[in-house]
Amino acid sequence: MNPWNLCTVDQVEELKALIKIVPIWTTGIMMGVSISQGSFLVLEASSMDRHITSNFEIPSGSFVTFMIVSLVLWVIIYDRILVPVASKIKGSPACIGAKQKMGIGLLTGCIAIASLAVVEDIRRKIAIEKGYEDQPQAVVNMSALWLLPRQILNGLAEALGVVGQNEFFLTELPQSMSSLASTLNGLGSSVANLVASFILSVVDNVTGGGGHESWLSSNINKGHYDYYYTLICALCFVNFVYFLYCSKSYGPCKNRGK
C-alpha cells in the first residue's frame with residue numbers, strides 16, 4: 001500500500017514541502033554549535049585584562065551580552081539604514097534573499113570562531129611565556145576587548161542566519177504550516193546544544209586519553225582551546241560548503257504574494 005494514499009492532497013503537499021527544506025534546516029545546527037561556545041569565552045575573559053579605565057573593569061560574564069547587543073544593532077542597521085538606502089539608490093524595494101542571508105550568516109560564523117582561535121592562541125602563548133602555565137587564574141597583559149570581534153561577528157551571523165532561516169521556512173512551507181515553520185529555529189537550537197555537547201565530550205575523551213592534558217582542560221593555560229576552536233571553525237566551513245550544495249539543489253525560492 002502506498003502511504004501517500006492515506007493522506008489528503010494538502011497533507012501530501014505539506015509533507016513534501018517539509019521534507020524538501022530539511023537539508024537546509026540542518027545547516028543551521030552548526031551555527032548554533034558555534035554560538036554555544038560562550039561559556040568558554042568567560043574563561044578566557046577572566047584571564048585577560050578587562051579594564052576600560054583604571055577604576056572600571058568589565059565583569060567576565062558580561063562579555064556574552066555583547067553578542068546580544070550586536071545582534072540587535074545589526075537588525076536595526078539592516079532594517080532602518082541599509083535596506084532604505086539600497087532601495088532609494090535602486091529605485092525599487094531592495095533586500096537580501098533568505099538563502100543569501102543564511103549563507104552570509106554561516107560564513108560570518110566561520111570567521112567569528114576563527115578570530116576566537118587566533119586570540120586564544122596569542123593569549124595562551126603570553127600566559128606560558130609569563131610562567132602562568134600552572135596558574136589558570138592569572139591575568140595576562142592582553143586586553144579582553146580582543147574577544148569583541150567574535151561577539152560582533154556572531155551577532156551579525158545570528159542576525160542574518162536566524163532571520164534568514166525564519167523567512168525561508170515561512171515562505172517555503174504552506175501557510176497551513178506557519179506554526180511549525182516558526183518553531184523550526186527553536187528545534188534547531190535544541191539539536192545544536194546536543195551536537196555541541198557531543199563534540200565537546202568526544203574531543204575531551206580523545207585528547208585527554210593516555211595521560212595527556214585534554215584540549216578542554218579546566219586549566220585553560222595547559223589546555224588547547226585554540227585547537228578546539230579551530231576544529232569547530234573547520235566543521236563550520238564544511239557546513240557552509242554543505243549549505244551551498246543544499247541551496248543549489250533546492251532551486252529558487254518561492255515569492256509569496258507575487
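Thr27 touches Leu106, Gln165, Asn239, Tyr242, Phe243 and Cys246, leaving aside residues up to four places away in sequence. The model is predicted. Thr27 sits in the loop between helix H1 (9–26) and helix H2 (28–35). Thr27 counts as buried because its relative accessibility is 1%, under the 20% cut-off.

**Overall build**

The protein has 8 helices and 2 strands. Read along the sequence, the pattern is α-α-α-β-α-α-β-α-α-α. The C-alpha trace spans about 70 × 55 × 25 Å along its principal axes. Of the 258 residues in the protein, 40% are buried.

Contacts reach across the sequence. Take those between residues at least 6 apart: 77% of them join residues at least 24 apart.

The protein exposes about 14,000 Å². Carbon and sulfur atoms supply 65% of that area. On the charged side, there are 18 positive and 18 negative side chains. The centres of these two sets lie 12 Å apart.

**The strand pair**

Strand E1 covers residues 48–49, and strand E2 covers residues 140–143. In which sense do E1 and E2 pair? They pair in the parallel sense, over 2 bridges. Asp49 stands opposite Ser143 in E2.

Side chains alternate along E2. Val140 and Met142 point to one face and are buried. Asn141 and Ser143 point to the other face and are not buried. Ser143, the residue opposite Asp49, therefore belongs to the face of E2 that is not buried, since its relative accessible area does not fall under 20%.

**Two helix positions**

Leu235 lies in helix H8 (residues 225–250). Leu235 is partly exposed, with a relative accessible area of 33%. Its contacts, not counting residues up to four places away in sequence, are with Met30 and Ile199. Leu235 and Leu107 are 128 residues apart in sequence. In space they are 12 Å apart, C-alpha to C-alpha.

Val206 lies in helix H7 (residues 178–207). Is Val206 buried or exposed? Val206 is exposed, because its relative accessible area is 63%, over the 50% cut-off. Val206 and Ile126 are 80 residues apart along the chain. Their C-alpha atoms are separated by 26 Å.

**Cysteines**

How many disulfides are there? The count comes to 0 disulfides. Cys233 is in no disulfide: the nearest cysteine sulfur, that of Cys110, is 5.6 Å away. A disulfide needs sulfur atoms within 2.5 Å, so a pair at that spacing does not qualify. Cys233 is buried, at 18% relative accessible area. Cys253 is partly exposed, at 34%.

**Accessibility of selected residues**

The table collects the values for single residues.

| Residue | Relative accessible area | Class |
|---|---|---|
| Thr27 | 1% | buried |
| Cys233 | 18% | buried |
| Leu235 | 33% | partly exposed |
| Cys253 | 34% | partly exposed |
| Val206 | 63% | exposed |

Why is Cys233 classed as buried? Its relative accessible area is 18%, and buried means under 20%. Why is Cys253 partly exposed? Its 34% falls between the 20% and 50% cut-offs. Leu235 is partly exposed because its 33% also falls between those cut-offs.

Key
Residues numbered from 1 in each chain as written. Heavy atoms only, no water. Buried < 20%, exposed > 50% of the residue type's maximum accessible area, 1.4 Å probe, protein only. Helix = DSSP H or I, 4+ residues; strand = E, 2+ residues; numbered from the N terminus. Pairing = 2+ DSSP bridges. Contact = heavy atoms within 4.5 Å. Areas by Shrake-Rupley, 256 points an atom, 1.4 Å probe, with all protein chains shown as cover. Lys, Arg positive; Asp, Glu negative; His and termini not counted. Charge placed at Lys NZ, Arg CZ, Asp CG, Glu CD.
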